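Here is a short briefing for a reader who is meeting this structure for the first time. The topics are taken one after another, beginning with a single residue and moving on to pockets and strands.

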Amino acid sequence: MANFKLVSANEKHVWSTKYTREYVRTLGLMPYMDTSATAIIRMDKSLSSQSGAVVHCPYFAKLSGGVTGSTQLMGNEENLKNYSTAVRASLRRNAVKIQESETYKTELDIANVARASLIDNSAEKLRDDVIIAGQSVVVSGGLDAESNPLEDTYVPFATASAAQKNAWLVANTDRVLFGTKRANSVSGVFSTSALTVDATQKMSAALINMAKAMAKKTAPFKVTPYRSDATAGREWYVLFVDSEGFRDLSVDPIIYAANKDARPNDVEKNPIFQSGDLIYNGVIIREIPELTTAGAIGASGATLGHALLCGQAAIAVAFAKMPEPRVQAFDYGMENNVGVVEIRGQAKMSAQGVQTGIVSIFHASALDA
């Protein structure tokens with residue numbers, strides 16, 4: 001006796017109207033982005049209300065002169081040195097074309113899917129562009145005919161020439177750390193300095209202490225702490241580090257013990273259980289998985305991470321137009337396109353070739369075996 005068999009064409013197919021989109025880690029940097037002059041990532045929206053393509057972010061150096069005793073002050077006044085970082089805004093757009101000849105085939109609201117995806121894409125682009133700016137190589141603008149400083153320019157680390165990296169290292173020797181020894185950079189040649197870092201020179205409590213000490217002693221153009229408490233003698237910085245560097249810090253015995261013993265022994269609050277920022281010696285350690293490495297340029301081909309220990313005014317972001325959704329209909333409404341438009345730029349803040357808010361750290365960053 002033959003059993004009944006339903007042909008595939010008669011099978012009922014039901015598609016869920018709930019959908020899942022690919023995860024986008026929008027911006028772990030967002031908590032440190034603000035319009036205040038003291039923010040780590042200084043955001044400027046002044047162009048959004050007026051015409052213009054470039055925002056100039058002023059920077060004033062501290063005074064260091066003065067006279068004592070009976071020395072005449074007249075004629076001994078000090079020049080208040082000032083500098084500027086130029087942030088050029090560019091038009092950035094993306095869109096999805098949606099034709100009714102396709103949307104009628106499904107119960108999914110494709111327009112809403114597209115709109116949410118475009119917003120994620122905009123945030124992802126901002127995150128990546130801020131990272132590129134933070135890791136960029138500063139090219140000194142030099143001086144004009146009257147010996148006034150010109151604005152610096154910036155080259156992405158990945159495309160900077162050997163000569164540009166060398167000049168950047170020489171100008172920033174007191175705020176670029178290779179591995180676990182300050183002496184690793186004494187040659188003034190970037191490639192030679194990188195070769196002093198082997199696979200054992202990973203992120204650690206000792207390395208963080210060294211980088212923080214460098215930040216506190218930078219001169220001229222001192223790296224200003226993210227926040228400070230003069231009464232208690234506390235100065236805080238924020239370290240942005242890749243996943244491999246964060247992994248090494250999370251198992252460093254000193255940092256592990258500090259977070260285990262000094263922070264709430266609570267599954268809901270302690271990062272040992274729940275992940276999240278680590279804190280050690282006045283440094284907030286934040287994992288940014290999208291930070292790019294410097295490549296396999298260390299000793300014996302070791303891959304070096306490129307972490308950023310930041311104080312105030314490390315990076316500037318300028319908006320001439322905040323992200324704005326757009327909808328456009330064609331062909332009697334048979335085609336409805338969804339887009340997002342923004343006008344934005346970003347740059348590392350610097351003066352005379354010196355990055356004013358960042359200590360760059362090149363550390364061993366091996367992938368998990």
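H363 counts as buried because its relative accessible area is 0%, and a value under 20% is what the word buried requires. The model discussed here is a predicted one, and H363 is found in its strand β18, which covers residues 358–364. The points below describe the surroundings of H363, then the two largest pockets, and then strand β15.

**Around H363**

- When residues up to four places away in sequence are not counted, H363 touches Q201, M203, L207, V241, D242 and G245.
- The list of contacts of H363 also includes T303, L304, G305, H306 and A307, which follow one another in the numbering.

**The largest pocket**

- The largest pocket holds about 550 Å³ of space, and its lining is made up of 24 residues.
- Nearest the centre of the largest pocket lie Y59, F60, A61, K62 and F221.
- Strand β3, which spans residues 54–60, gives the most to the lining of the largest pocket, with a contribution of 3 residues.
- Sorted by class, the lining of the largest pocket consists of 11 nonpolar, 8 polar and 5 charged residues.

**The second largest pocket**

- About 250 Å³ of space lies in the second largest pocket, which is lined by 14 residues, with A133, Y154, V155, Q346 and A347 lying nearest its centre.
- Two or more lining residues of the second largest pocket come from each of the elements β4 (82–88), α2 (110–134), β7 (153–155) and β15 (335–348).
- By class, 8 nonpolar, 3 polar and 3 charged residues form the lining of the second largest pocket.

**Strand β15 and its partners**

- Strand β15, one of the elements that line the second largest pocket, is mostly covered, since 12 of its 14 residues are buried.
- With strand β14, which holds residues 315–330, β15 runs antiparallel and is joined by 13 bridges; one of the residues involved is P325, whose bridge partner in β15 is V340.
- With strand β5, which holds residues 90–96, β15 pairs in the antiparallel sense over 7 bridges, and V96 has V338 as its bridge partner in β15.

Technical notes: Residues are numbered from 1 along each chain as its sequence is written. This is a predicted model: local features need pLDDT of at least 70, side-chain atom pairs count only at pLDDT 80 or more; totals for chains, interfaces and linings use all residues. Side-chain values use heavy atoms; hydrogens and water are left out. On a 1 Å grid over the protein atoms alone, a cavity is a set of points where a 1.4 Å probe fits but cannot get out, and a pocket is an open set with protein on both sides within 12 Å along at least five of seven lines; lining residues have an atom within 4 Å of a point. Grid points are joined across faces, edges and corners, and a volume is the space filled by probe spheres set on the points. Helices (H or I, at least four residues) and strands (E, at least two) are DSSP runs, numbered from the N terminus. Ala, Val, Leu, Ile, Met, Phe, Trp, Tyr, Cys and Pro count as nonpolar, Asp, Glu, Lys and Arg as charged, and the others, Gly among them, as polar. Buried means under 20% relative accessible area, exposed over 50%, partly exposed in between (1.4 Å probe, protein chains only). Two strands pair if DSSP finds at least two bridges between them. Contact means heavy atoms within 4.5 Å.
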